[in-house]
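Q: Got a minute to go over this structure with me? I'd like to talk about its cavities and its surface.

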Amino acid sequence: MRKDYKLEKRKYVIGGFIVVVALIYVFRLFDLQLSDAKYKKYADNNAFLNKTIYPSRGLIYDRNGELIVYNQPAYDVMMIPRDVQHFDTLDFCHTLDITPEQLRKRFDDMRKTAGYSSYTPQKLITHLSAQDYGRLQEKLYRFPGFFIQKRILRQYNHRAGANVLGNLREVNPKDIERDPYYQRGDYCGDLGVEKSYDEYLRGVKGVEILIRDAHGRIQGRYDDGSRDIAPESGRNLKLSIDINLQQYAESLMVNKIGAVVAIEPRTGEILAMVSSPTYDPTLLVGRQRGENYQKLVQNEFKPLYDRSYKASYPPGSTFKPTQGLILLQENIVNLQTMYPCSHGFISGGLRVGCHGHGSPINLKPALQTSCNAYFCWGFKAMVDKRSKYGTSADAFEVWKKHLVSMGYGYPLGTDLPGESRGFIPNAKFYNNVYGEGRWSANTVISVAIGQGEIMATPLQIANLCATVANRGWFITPHVVKEIQDTVMPEELLRRRVPTVDERYYHDVAEGMRMAVLGGTCRLAALPGIDVAGKTGTAQNPHGKDHSAFIGFAPYDDPKIAVCVYVENAGFGATFGVPIGSLVIERYLKGKISDERKYLEQRMLESNTIIYSGVKKH
């Protein structure tokens with residue numbers, strides 16, 4: 001009988017197919033049991049419940065050790081959907097003081113959130129009151145699958161400094177993707193030091209391992225708790241802020257739009273940092289946080305927007321000390337150089353106005369009287385000096401580099417999130433606007449007096465004042481003084497020296513002292529304290545001019561440097577100088593002298609928001 005070779009081949013094909021299928025099963029079983037942890041996790045979830053224990057968040061103190069932000073316990077109702085059994089919903093709702101409709105909506109919202117899983121703990125209700133927590137704790141055995149998660153809620157001893165402190169919010173998917181520390185339902189810092197120092201404040205989570213029976217019911221702690229991991233509390237912060245000075249400065253800025261920044265020159269520590277209008281930090285705590293947050297977002301005054309280091313303003317005449325320093329450094333002027341002022345700078349058909357004072361004038365009296373013409377003539381002499389710089393563009397770049405070294409045009413690097421850089425144009429900017437080689441000093445003359453394209457934050461302006469107070473150096477302004485058991489970042493403690501020689505700062509400081517003794521800052525004169533200052537009236541194309549002031553004291557041993565910027569408030573001497581001098585006096589003396597109480601009262605009661613085009617708040 002002949003052999004059937006087709007049947008013989010088919011035998012090998014079928015055998016090979018069986019071997020391949022067997023190998024696939026073996027590989028898959030190996031993958032499931034040894035490589036893929038997903039099913040092990042499911043199995044562990046059936047036998048164990050890993051309950052997160054949240055650490056106590058770090059406390060926040062002011063520079064004098066006064067407690068500002070502390071914790072109190074809060075409780076969330078959690079559930080593992082697959083473990084929930086039939087329960088009395090009316091009893092559950094009555095216990096938590098909610099309606100069945102509200103409960104159904106919470107269930108629906110929970111299922112719609114990203115990352116929902118019926119096997120993992122899900123947040124149902126947040127921030128139980130103490131009364132609700134007590135009632136639910138007594139009845140919790142009636143509601144299998146539910147448990148209470150203890151959390152931390154922030155509380156405040158002072159209703160001030162909201163923009164510096166920040167707040168807490170629930171994490172979003174981007175936060176979870178960025179940092180594996182976070183899980184759904186966790187909270188992280190939002191704005192202020194709560195955000196920038198979140199890694200220090202949040203601590204390390206702990207875990208409590210509970211064992212289940214075959215029906216998923218909790219039977220107690222696994223291995224008598226020997227496998228539990230205790231949480232580690234977050235680190236405490238001591239701020240450089242003086243909370244009493246912060247409160248006082250905020251009170252002076254009520255019904256005004258703008259900012260106040262006060263710095264200790266020697267250390268760069270920020271003593272007060274006011275953004276106005278501000279808000280009560282307790283509004284962003286508890287169940288009403290979301291609703292209150294939306295109201296703040298929709299508020300036309302933008303209270304969540306920190307004007308002290310995020311808003312960019314034309315610095316106006318507070319910019320003139322930088323111009324004096326650059327002109328001296330570049331040997332464009334010396335202390336005897338005189339420029340005319342015919343009620344302003346007049347060059348060809350160009351005119352920049354100025355108020356009446358003696359003429360011609362040199363540097364120190366120019367700072368004293370805030371002469372526009374002097375600084376325009378000096379700027380023109382530098383930028384148009386082709387014999388030294390080659391082109392106006394090259395001269396302008398030298399001018400700009402000096403400003404950058406003083407802290408303008410780029411973020412200073414403060415320890416708060418989202419710092420603005422302001423704006424200092426470069427030669428390329430004007431080449432694009434006017435054409436290469438087709439512009440000169442007269443074309444951009446307004447930048448010489450802090451107008452035009454020049455923009456700076458109140459923090460940058462205050463930092464310039466601190467630099468003059470130190471006679472030629474500064475430390476990056478920062479709001480945290482100490483971190484518990486941790487060394488402060490070196491970049492916040494390093495001395496930074498601009499490109500202008502120290503000797504020229506003494507001349508500019510003397511001009512600022514003259515402004516208080518008999519110039520535009522006379523209202524800043526304080527009994528027994530030598531103050532130096534400079535006013536600024538920044539032109540505003542959208543309405544009334546902005547009022548600005550910088551000042552430091554005491555003159556020979558500076559302990560505070562201040563910048564005040566009030567939008568739509570007119571001359572610098574009208575609001576900037578009074579508010580700045582009151583802040584200085586309050587910090588150095590602890591109170592306002594009787595002869596200046598009238599000034600304090602006027603600032604407390606005045607309202608400049610009416611000039612911004614919106615109603616009083």
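What follows is a short chat about cavities and a surface patch.

A: Sure. Keep in mind that this is a predicted model.

Q: OK. How many cavities of 30 Å³ or more does the structure hold?

A: Four. The largest has a volume of about 200 Å³.

Q: Which residues are the closest to the centre of the largest cavity?

A: Tyr54, Pro55, Arg57, Ile152 and Tyr187. They are among the 13 residues that line the largest cavity.

Q: How does the lining of the largest cavity divide into nonpolar, polar and charged?

A: Seven residues are nonpolar, five are charged and one is polar.

Q: And what volume has the second largest cavity?

A: About 120 Å³.

Q: What lines the second largest cavity?

A: The lining includes His127, Arg154, Asn167 and Arg289. Ile152 and Tyr187 are in the lining of the second largest cavity too.

Q: Which strands each supply at least two residues of that lining?

A: Strand S5 (146–156) and strand S6 (167–170). S5 gives the largest share, four residues.

Q: How does that lining divide by residue type?

A: For the second largest cavity, seven are nonpolar, three polar and two charged.

Q: Switching to the surface. Which residues form a nonpolar patch there?

A: Ile14, Phe17 and Ile18. Together they have about 330 Å² of accessible area.

Q: Where is Ile14 found?

A: In helix H1, which covers residues 5–35.

Q: Why does Ile14 count as partly exposed?

A: Because its relative accessible area is 47%, and partly exposed lies between the 20% and 50% cut-offs.

Notes. Residues numbered from 1 in each chain as written. Predicted model: local features only at pLDDT ≥ 70, side-chain atom pairs only at ≥ 80, totals over all residues. Heavy atoms only, no water. Patch = residues over 30% accessible without salt bridge, like charges linked within 9 Å, V, L, I, M, F, W, Y side chains within 5 Å. Areas by Shrake-Rupley, 256 points an atom, 1.4 Å probe, with all protein chains shown as cover. Salt bridge = Lys/Arg side-chain N within 4 Å of Asp/Glu carboxyl O. Buried < 20%, exposed > 50% of the residue type's maximum accessible area, 1.4 Å probe, protein only. 1 Å grid on protein atoms, 1.4 Å probe; cavity = no way out; pocket = protein on both sides within 12 Å on 5 of 7 lines; lining within 4 Å. Points joined across faces, edges and corners; volume = space filled by probe spheres on them. Nonpolar A, V, L, I, M, F, W, Y, C, P; charged D, E, K, R; others polar.
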